[in-house]
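Visitor: I'm new to this structure and would love a close look at one part of it. Could you pick a helix, walk me along it, and then show me what lies around it?

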Amino acid sequence: MNRRDDANPFDEENVNPFSNGSANAGSKFRLPNFGFSQKSDATVDIPLDSMNDSSKRERELASWEADLKRRELDIKRREDVVGRGKHICLSAIPNDDRNWPPFFPIIHHDIANEIPVHAQRLQYLAFASWLGIVLCLVYNLVAVTVCWIRGGGVKIFFLAVIYVILGCPLSYLLWYRPLYRGMRTDSALKFGWFFMAYALHIIFCIFAAIAPPVVFHGNSLAGILAAVDGFSKHVLVGIFYLVGFALFTLEALLSVWVLQKVYMYFRGRK
């Protein structure tokens, strides 16, 4: 066996990794074949820039991941702010669903849950005042109906019907609902409107308790003067009118007391 014909693996003429003739100078080098392959010119390419590229990509991926997390936190924070804003707006919007009376809801009324605790007693008194005027007007219709049956004339009956149809809803719209919303939202404008309308309410109650035959026709209101005139016609008519006078008088006194209490509450909260 002639060993001089074998290629010398350490011969610098076979391969020079730093020679200018390499395919990609500065990016990879060739390792010589140490006799383990049949082809003496087989080489192994190892890129030198791969480690730098991988570390650079890792840094870029880490930067992108941090940026995504930052954006995600920012979006979540904005969603929380918007959610709190919606909750505040929804809680500020009053709920006016009809819930009273329970058997036939026609108005919204929830003193226990919407009126401040320190003002609930006063609101209940005002509510009693509104129920009182409703009772007075309905009873006035009954008394005038008795008078009409006893020959009092049909005009007073129609007037009594008009008092009920207009008086009950207008008393609620003009002074009770403004007071309710004023207590709920602490609105000075609502309180001011209540004071004006409630003063007219008190004047009407006093006028109805007296029932002078000037503006309203004859005995259309069950007051003291109408009761005296009713006794001259029939005792039953006089009794019904006398009870009506008592109801209007109690309503007037209760209304004056409520007006005083509401005014003191309004002055005390300022």
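Guide: Let's take helix H7, which covers residues 235-269. In this predicted model, the 35 residues of H7 should span 51 Å at 1.5 Å a residue, and the C-alpha atoms at its ends are indeed 51 Å apart, so the expected and computed spans agree.

Now look at which side chains of H7 are hidden. The buried residues are Val237, Gly238, Tyr241, Gly244, Phe248, Glu251, Ala252, Ser255, Val258, Val262, Tyr265 and Phe266. What do they pack against? The buried residues of H7 meet four other helices: H3 (117-152), H4, H5 and H6.

One of those buried residues, Tyr241, leads us into the interior. The largest nonpolar core holds 51 residues, and Tyr241 is among those with the most contacts inside it, together with Trp130 and Tyr176. Helices H3, H4, H5, H6 and H7 each supply at least two residues of this core, and H3 gives the most, with 15 residues. As a general background, nonpolar side chains in soluble globular proteins tend to be buried together.

Trp130 is a good place to pause. Setting aside neighbours within four places in sequence, Trp130 is in contact with Trp100, Ile107, Cys168, Ser171, Tyr172, Trp175 and Tyr176. Tyr176, then, is both a contact of Trp130 and one of the core residues with the most contacts.

From here, step across to H5, one of the helices that the buried residues of H7 pack against. The 23 residues of H5 should span 33 Å at 1.5 Å a residue; its end C-alpha atoms lie 34 Å apart, which agrees. Its buried residues are Phe191, Phe194, Phe195, Ala197, Tyr198, His201, Ile202, Cys205, Ala208 and Ala209. These pack against H3, H4, H6 and H7. Just after the helix comes Ala211, which has a positive phi, near 55 degrees.

H5 also has something to show on the outside. A nonpolar surface patch of about 750 Å² is made by Ile162, Ile165, Leu166, Leu170, Leu173, Leu174, Trp193 and Met196. The elements giving two or more residues to this patch are H4 (154-185) and H5 (188-210). The largest share, six residues, comes from H4. Take Ile165, which lies in H4: why does it count as exposed? Its relative accessible area is 54%, and the cut-off for exposed is over 50%.

H4 takes part in a charged pairing as well. The side chains of Glu114 and Arg184 form a salt bridge, 3.2 Å from N to O. This pair links distant parts of the chain, with Glu114 in helix H2 (residues 111-114) and Arg184 in H4, 70 residues apart. Are these two partners buried or exposed? Glu114 counts as buried because its relative accessibility is 18%, and Arg184 counts as buried at 18% too.

Helix H6 (residues 224-233) brings us back to another neighbour of H7, and it holds a salt bridge between Lys233 and Asp229. Here the N to O distance is 3.7 Å. Because the two residues are four apart in the helix, they are separated by about one helical turn. Lys233 is partly exposed, at 44% relative accessibility, and Asp229 is partly exposed as well, at 33%.

The structure holds three salt bridges, and the one still to visit joins Lys69 and Glu65, whose closest N and O atoms are 3.6 Å apart. Lys69 and Glu65 are four residues apart in helix H1 (residues 50-92), so about one helical turn separates them. Both partners are partly exposed: Lys69 has a relative accessibility of 47%, and Glu65 has 45%.

Finally, step back to see the whole chain. There are seven helices and two strands, arranged along the sequence as β-β-α-α-α-α-α-α-α. Of the 270 residues, 29% are buried. Among contacts between residues at least 6 apart in sequence, 55% join residues at least 24 apart. The accessible surface comes to about 18,300 Å², and 64% of that belongs to carbon and sulfur atoms.

Conventions
Residues numbered from 1 in each chain as written. Predicted model: local features only at pLDDT ≥ 70, side-chain atom pairs only at ≥ 80, totals over all residues. Heavy atoms only, no water. Patch = residues over 30% accessible without salt bridge, like charges linked within 9 Å, V, L, I, M, F, W, Y side chains within 5 Å. Areas by Shrake-Rupley, 256 points an atom, 1.4 Å probe, with all protein chains shown as cover. Salt bridge = Lys/Arg side-chain N within 4 Å of Asp/Glu carboxyl O. Buried < 20%, exposed > 50% of the residue type's maximum accessible area, 1.4 Å probe, protein only. Contact = heavy atoms within 4.5 Å. Expected span 1.5 Å × (residues − 1). Core = buried A, V, L, I, M, F, W, Y, C linked by side-chain atoms within 4.5 Å.
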